[in-house]
Amino acid sequence: MSIRNLEALFAPRSIAVIGASNRATSVGGVVFRNLVAGGFAGPLLPVNPKQSAVAGVLAYPNVELLPLVPDLAVLCTPAATVPGLIAALAARGTRAAIVLSAGLDQPASDGRPMALHMLEAARPTLMRVLGPNCLGLSIPPRAINATFAHAQARPGPLAFISQSGALCTAALDMANTRGIGFSAFVSLGNSADIDVADCLDYLANDPETRAILLYLEAIKAPRKFMSAARAAARNKPVVAIKAGRAQESAAAAFSHTGALAGTDDVYDAALRRAGVLRVYDTQELFAAVETLARAAPIAGDRLAILTNGGGPGVMAADALITEGGRLAPLSATTIAALNACLPANWSRANPVDIIGDADGARFGAAIAALRGEPAADALLILHAPTAISSSEDVARSVVAAMAGESRPVLTNWLGGQTEGRARLIAAEAGLPGYDTPEEAVRAFLHLVNHKRNRDLLAQVPPAAASRLVRDQKRVHALVVKARTAGRLALDEPTAKTLLTAYGIPTVPTSIAASPDAAAALAQEFGCPVALKILSPDISHKTDVGGVVLDLATPEDVRAAAVAMLARVRQHALRARLEGFTVQAMARRPRAIELIVGATSDPVFGPVVLFGHGGRAVEVLRDRAVALPPLNEVLAQSLIDETRVSRLLAGFRDQPASDLAAIRAVLISVATLILDHPEIVELDINPLWADAQGVMALDARIRLAAEGAVVIPSAIRPYPDDLEEILSLPGGGTVFVRPIRPEDEPAHAELLRALAPEDIRARFFGAVGPMAHDQLARYTQIDYDREMAFIVLAQRSSTDTLAVIRAVSDPDQRQAEFAIVVRPDRRRRGLGRALLAKLIAYANARGLGELFGLTRPENRAMISLTKALGFTVQRSGDDMLMSLKLRSTQSKGS
């Protein structure tokens with residue numbers, strides 16, 4: 001379930017409180033008094049068999065005797081009573097309940113948890129349940145406070161969703177102190193039914209909510225969460241705290257990737273991929289959302305700092321550089337303008353120190369000069385109080401000088417009471433203010449990181465120059481062979497063969513069973529060669545003396561193999577030794593050692609890792625992780641997250657490495673682990689990278705045991721199984737496939753080819769040329785919630801001839817469809833073929849209904865849908881076309 005019946009939770013017309021009480025210290029008493037004090041305008045119905053009235057309101061002995069059906073019920077009764085009460089409320093027609101009671105994880109008389117009985121009682125009528133074991137729910141704009149919190153939340157534009165009730169009360173205190181108000185304040189408790197994703201889906205389209213704040217402890221349904229978070233983040237800022245950041249022990253990891261890709265890193269990657277800004281404490285949470293709500297949009301990560309004190313400026317610059325931001329370079333024009341208005345001893349650099357005796361006029365003149373600096377993406381103004389100038393005058397000058405500025409402007413008024421009035425003047429003018437230089441810089445970086453995350457949701461990757469090398473059958477055969485032999489840790493040659501099947505360059509490697517066989521292989525390869533021990537029980541061969549490089553002759557190889565056996569047996573007594581691997585020595589003296597890997601996270605499933613590789617990989621810990629699937633843009637973003645990316649860009653006489661080749665490896669690894677989820681760990685270390693390209697020198701792969709539970713990907717990958725060559729009724733064929741992000745330019749061309757009357761039929765009004773953000777919503781889709789099939793003349797074509805789209809509600813009950821065919825391709829059966837394919841897809845996905853709207857004059861569309869079984873009827877000024885799908889009929893039969 002998702003948003004079904006959530007309007008009864010967030011906008012109820014009547015509320016019953018089961019267990020309401022006159023006892024001041026009882027949960028039911030506090031909840032009912034909070035509802036009364038909040039001023040809820042609808043009927044409040046206390047239920048208590050022992051009291052005739054609660055807080056002066058007539059009480060009822062049980063649910064059955066309530067005079068009306070409450071939209072929402074709040075349960076404050078012992079856990080054992082909850083399943084029966086939910087059943088009684090469901091029978092009356094109540095559509096939502098808040099269960100404050102704890103202890104429903106305990107077994108009922110049949111041994112099953114009471115929470116399971118509760119859900120079974122709610123399910124037949126699709127009644128929604130918040131909790132159990134939660135603080136409750138507050139909707140201040142509707143005067144609803146159905147919590148046992150100690151204070152009322154103020155009305156405002158922020159929604160707060162928390163998996164911790166205790167944090168709710170602390171956050172409420174902090175918000176009230178700062179004058180922050182809420183559109184919704186939700187304590188999820190155990191999330192037996194309603195979870196974070198459900199709330200995100202509802203609040204993403206709530207007009208009262210301008211931003212959403214999350215406190216997360218764990219995600220139980222990652223694909224559902226990712227879909228909801230990405231959809232919400234496209235509409236409004238979403239800011240999250242994720243608790244539990246400590247790295248669990250990685251000592252038992254098979255691969256470097258398994259040791260490096262910690263759970264918190266994966267949560268970081270998931271939130272970033274969803275467009276969510278992550279912060280690390282509650283104070284930062286509210287500060288971040290204030291900044292996002294008040295500051296202007298930002299274009300980049302370069303900050304100009306203006307200060308009347310060198311110390312604060314240096315502190316701000318330190319914080320900026322440490323956290324990955326950049327100081328904006330000042331142009332000669334800007335420096336000349338500053339020279340004209342500042343004392344001779346100003347800093348002549350960014351931070352711009354205009355000296356401690358600066359008054360309001362000097363601040364205003366310096367701001368005017370800095371506003372002309374094109375390299376600055378934002379301006380931070382730091383002011384320390386002095387006896388020479390008035391802080392209030394400075395604040396007024398700053399406000400006046402910044403009038404009409406389109407870039408973000410942040411302020412820091414250092415000090416206490418003396419700066420209070422200056423802070424207020426700036427705040428009233430809409431300039432965000434912060435207590436310290438570091439907080440102000442952090443706020444700037446919130447803007448930068450939020451923009452980066454949002455941009456990743458909308459960036460268009462270039463069209464692939466060639467199709468991905470992807471021999472799925474070969475890999476499947478290798479996996480089956482290894483599992484049949486009982487070998488879950490693949491030997492190096494097999495691992496490299498598997499990588500080669502996905503187009504990843506490797507060093508040819510062969511197996512030798514003995515020292516003599518190793519010498520023979522060296523003779524065959526041609527020396528020098530590298531020799532490595534072969535054992536399913538040794539992951540890190542160097543640690544046991546199992547690697548020798550640059551062996552110059554076959555005799556050297558034989559001697560090295562004999563010595564290696566002795567060393568390894570000494571260090572790894574119980575390891576099974578199966579021989580050696582021999583490979584030609586690769587010569588890339590200027591190559592940079594990288595690591596590319598993959599592992600399976602227990603929550604989000606497959607993840608890809610990239611970083612600085614080599615023997616010291618776990619010491620350097622320079623790595624970043626991302627959720628697959630990847631494209632060119634996402635792969636480059638993953639590279640940019642690491643420090644080694646600066647080396648790859650080239651330095652001194654070191655040429656830049658082939659970034660396109662590195663991106664190709666990342667995309668191939670991401671595709672490999674999605675195609676073959678039985679691969680649960682993969683390491684390429686080192687992966688050499690230089691201007692010539694990339695080369696995998698060593699690889700290890702571990703498979704899941706047959707029948708083991710494999711965590712699916714948190715993001716549904718591109719469904720290439722839906723690609724199809726369609727035969728048209730009038731003859732000929734076309735290639736049909738799901739839309740991809742790189743189709744944006746062709747999609748824009750398709751829309752430009754439509755006549756004005758086509759635009760009116762499709763969009764029900766005049767629509768001008770679409771901006772990139774709008775087009776991105778049509779081409780960068782969530783395959784778990786929507787589908788768009790495009791038509792190409794053939795697989796290699798780039799021109800889109802037609803598109804059909806279906807967007808489902810989060811519950812997958814129904815989907816709205818729309819179809820566009822290029823004018824010169826009409827009357828050839830394209831529309832009918834596409835709609836038939838969409839109907840088949842919707843049936844396979846289990847959707848209940850397809851519907852669409854069209855104008856009455858669009859007779860061709862009306863005729864087409866009728867021919868395919870749609871019911872067509874008038875809906876206002878339009879025609880509603882609807883088709884009940886077989887999936888619904890089979891469920892109900």
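**Exercise 1. Work out how helices H13 and H14 lie relative to each other in this predicted model.**

Start with the two helices: H13 covers residues 360-370 and H14 covers residues 391-401. Their axes come within 8 Å and cross at roughly 25°. Now bring in the cut-off: angles under 35 degrees count as roughly parallel. H13 and H14 are therefore roughly parallel to each other. As for handedness, the crossing of H13 and H14 is right-handed.

Next, look at who touches whom. On the H13 side, the contact is made by Gly360, Ala361, Phe363, Gly364 and Ile367. On the H14 side, Asp393, Val394, Ser397, Val398 and Ala401 take part. Sort these contact residues by character and you get six nonpolar, three polar and one charged.

**Exercise 2. Find out which parts of the chain the salt bridge between Lys532 and Glu492 ties together, and decide whether its partners are buried or exposed.**

First, the pair itself: the side chains of Lys532 and Glu492 meet at 3.3 Å, N to O. Then place each partner. Lys532 sits in strand E23 (residues 529-534) and Glu492 in helix H18 (residues 492-500), so the bridge ties together parts that are 40 residues apart in sequence.

For burial, the cut-off is under 20% relative accessible area. Lys532 comes in at 6%, so this lysine counts as buried. Glu492, at 5%, is buried too.

**Exercise 3. Do the same for Arg95 and Asp71.**

These two side chains form a salt bridge at 3.7 Å, N to O. Arg95 is in the loop between helix H3 (82-92) and strand E6 (96-99), while Asp71 is in the loop between strand E4 (57-58) and strand E5 (72-75), so parts 24 residues apart in sequence are tied together. Check the accessibility: Arg95 has 24% and is partly exposed, whereas Asp71 has 7% and is buried.

**Exercise 4. How many residues apart in sequence are the parts that Asp720 and Arg470 tie together?**

Begin with the distance: the side chains of Asp720 and Arg470 meet in a salt bridge at 2.7 Å, N to O. Asp720 belongs to the loop between strands E31 (699-703) and E32 (724-727), and Arg470 to the loop between helices H16 (437-458) and H17 (472-484), so the parts tied together are 250 residues apart in sequence. Asp720 is partly exposed at 28% relative accessible area, and Arg470 counts as partly exposed at 30%.

**Exercise 5. Which residues are linked with Arg128 in a network of salt bridges?**

Asp193, Asp195, Asp198 and Lys224 join Arg128 in that network. For the wider picture, the structure holds 52 salt bridges.

Note on methods: Residues numbered from 1 in each chain as written. Predicted model: local features only at pLDDT ≥ 70, side-chain atom pairs only at ≥ 80, totals over all residues. Heavy atoms only, no water. Axes fitted to C-alpha atoms, helices over the stretch in contact; angles between N-to-C directions. Helix = DSSP H or I, 4+ residues; strand = E, 2+ residues; numbered from the N terminus. Parallel < 35°, antiparallel > 145°, perpendicular 65-115°, else oblique. Left-handed = near helix turned anticlockwise from the far one by under 90°. Contact = heavy atoms within 4.5 Å. Nonpolar A, V, L, I, M, F, W, Y, C, P; charged D, E, K, R; others polar. Salt bridge = Lys/Arg side-chain N within 4 Å of Asp/Glu carboxyl O. Buried < 20%, exposed > 50% of the residue type's maximum accessible area, 1.4 Å probe, protein only.
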